[in-house]
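Let's walk through this model together, starting from one residue and working outwards. Keep the sequence and the 3D view side by side as you read.

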Amino acid sequence: MSDAASCALPARYEAVRDARQFTRGTLDQWDMGDRFDDVCLVVSELVTNALRHGLPADAACAAGREPPVRLHLMRWTERLVCAVRDPSHDSPVARETDDFSAESGRGLFLVDSFSDSWGWHPLAGALSGKVVWALFRLPRPGSE
């Protein structure tokens with residue numbers, strides 16, 4: 001079994017809300033609503049990081065151009081992957097912080113804490129930029 005869904009996100013911080021709504025609808029469609037809280041937190045952080053750190057200063061979408069950030073959700077029998085594509089070639093950097101009340105700087109720490117693994121890779125060919133992904137292990141069907 002495998003499923004995939006994706007959505008383009010505009011270069012606006014309201015896109016984080018759109019990403020959460022898209023994730024909720026997709027997980028409900030896949031009968032995975034019980035995973036929404038963890039997955040949604042990770043999606044929110046990945047999209048926020050893409051908008052904050054992955055876009056050039058003039059990122060407003062030109063007419064006819066695809067929005068610069070794209071969210072992909074992919075499900076296999078025992079795993080779910082959330083991947084966010086952005087146009088930057090810079091690697092994501094988890095900041096070391098002991099200030100857990102800080103308003104920013106904890107995004108990748110949260111991604112690492114709530115997902116089973118995460119990483120990134122540069123894109124090649126016609127697509128430029130990178131994809132940052134997070135993996136969630138799912139219970140084997142019938143083992144719940």
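D38 sits in helix α2 of what is a predicted model. Is D38 buried or exposed? Its relative accessible area is 31%, and because buried means under 20% and exposed over 50%, D38 counts as partly exposed. Setting aside neighbours within four places in sequence, D38 is in contact with F114 and F136. You can also look at S115, which lies 77 residues from D38 along the chain, yet the C-alpha atoms of the two are separated by 7.5 Å.

From D38 it is natural to step back to the helix that carries it. Helix α2 covers residues 36-53, which makes 18 residues. At 1.5 Å a residue these should span 26 Å, and the C-alpha atoms at the two ends are 25 Å apart, so expectation and model agree. How many of the residues of α2 are buried? The count is 13 of 18, so the helix is mostly covered, taking under 20% relative accessible area as buried.

Now for the helices that pack against α2. Two packed helices are described by the angle between their axes and the distance between the axes. For α2 and helix α3 (residues 107-114), the axes come within 9 Å and cross at roughly 150°. Since an angle over 145 degrees counts as roughly antiparallel, α2 and α3 are roughly antiparallel to each other. The crossing of α2 past α3 is left-handed. Which residues make this contact? From α2 come D38, L41, V42, E45, L46 and N49, and from α3 come G107, L108, L110, V111 and F114. Sorted by class, that contact holds seven nonpolar, two polar and two charged residues. D38, our starting point, is thus part of the α2 side.

The spacing of those α2 positions has a simple background. An α-helix has 3.6 residues a turn, so residues three or four places apart point the same way.

Helix α2 also packs with helix α1 (residues 15-29), at an angle of about 145° and with the axes 9 Å apart. Is this crossing left-handed or right-handed? For α1 and α2 it is right-handed. On the α1 side the contact is made by A15, V16, A19, R20, T23, R24 and L27, while α2 supplies F36, V39, C40, V43, S44, V47, T48 and L51. By class, the contact of α1 with α2 has 10 nonpolar, three polar and two charged residues.

One of the α1 residues in that contact, R24, is worth a visit. R24 is partly exposed, with a relative accessibility of 35%. Not counting residues up to four places away in sequence, R24 touches G33 and F36. R24 and C40 are 16 residues apart in sequence, and their C-alpha atoms are 7.6 Å apart in space.

Between α1 and α2 runs a loop, and D31 is found in it. What is notable about the backbone of D31? D31 has a positive phi of about 55° although it is not a glycine. At 70% relative accessibility, D31 counts as exposed.

Two further residues take us to the strands. D86 is found in strand β3, which covers residues 79-86. D86 is buried, with a relative accessible area of 3%. Beyond its neighbours within four places in sequence, D86 is in contact with A50, G54, P68, V69, S128, G129 and K130. The C-alpha atoms of D86 and V132 are separated by 8.4 Å, although the two are 46 residues apart along the chain.

E78 lies in the loop between β2 (69-76) and β3. This residue is partly exposed, at 32% relative accessible area. Leaving aside neighbours within four places in sequence, E78 is in contact with F136, R137, L138 and R140. Between E78 and R137, 59 residues apart along the chain, the C-alpha separation is 5.8 Å. F136 also appears among the contacts of D38.

Finally, zoom out to the whole chain. It has three helices and five strands, running β-α-α-β-β-α-β-β from the N terminus on. Buried residues make up 40% of its 144 residues. Of the contacts with a separation of 6 or more, 63% are between residues 24 or more positions apart.

Key: Residues numbered from 1 in each chain as written. Predicted model: local features only at pLDDT ≥ 70, side-chain atom pairs only at ≥ 80, totals over all residues. Heavy atoms only, no water. Helix = DSSP H or I, 4+ residues; strand = E, 2+ residues; numbered from the N terminus. Expected span 1.5 Å × (residues − 1). Buried < 20%, exposed > 50% of the residue type's maximum accessible area, 1.4 Å probe, protein only. Axes fitted to C-alpha atoms, helices over the stretch in contact; angles between N-to-C directions. Parallel < 35°, antiparallel > 145°, perpendicular 65-115°, else oblique. Left-handed = near helix turned anticlockwise from the far one by under 90°. Contact = heavy atoms within 4.5 Å. Nonpolar A, V, L, I, M, F, W, Y, C, P; charged D, E, K, R; others polar.
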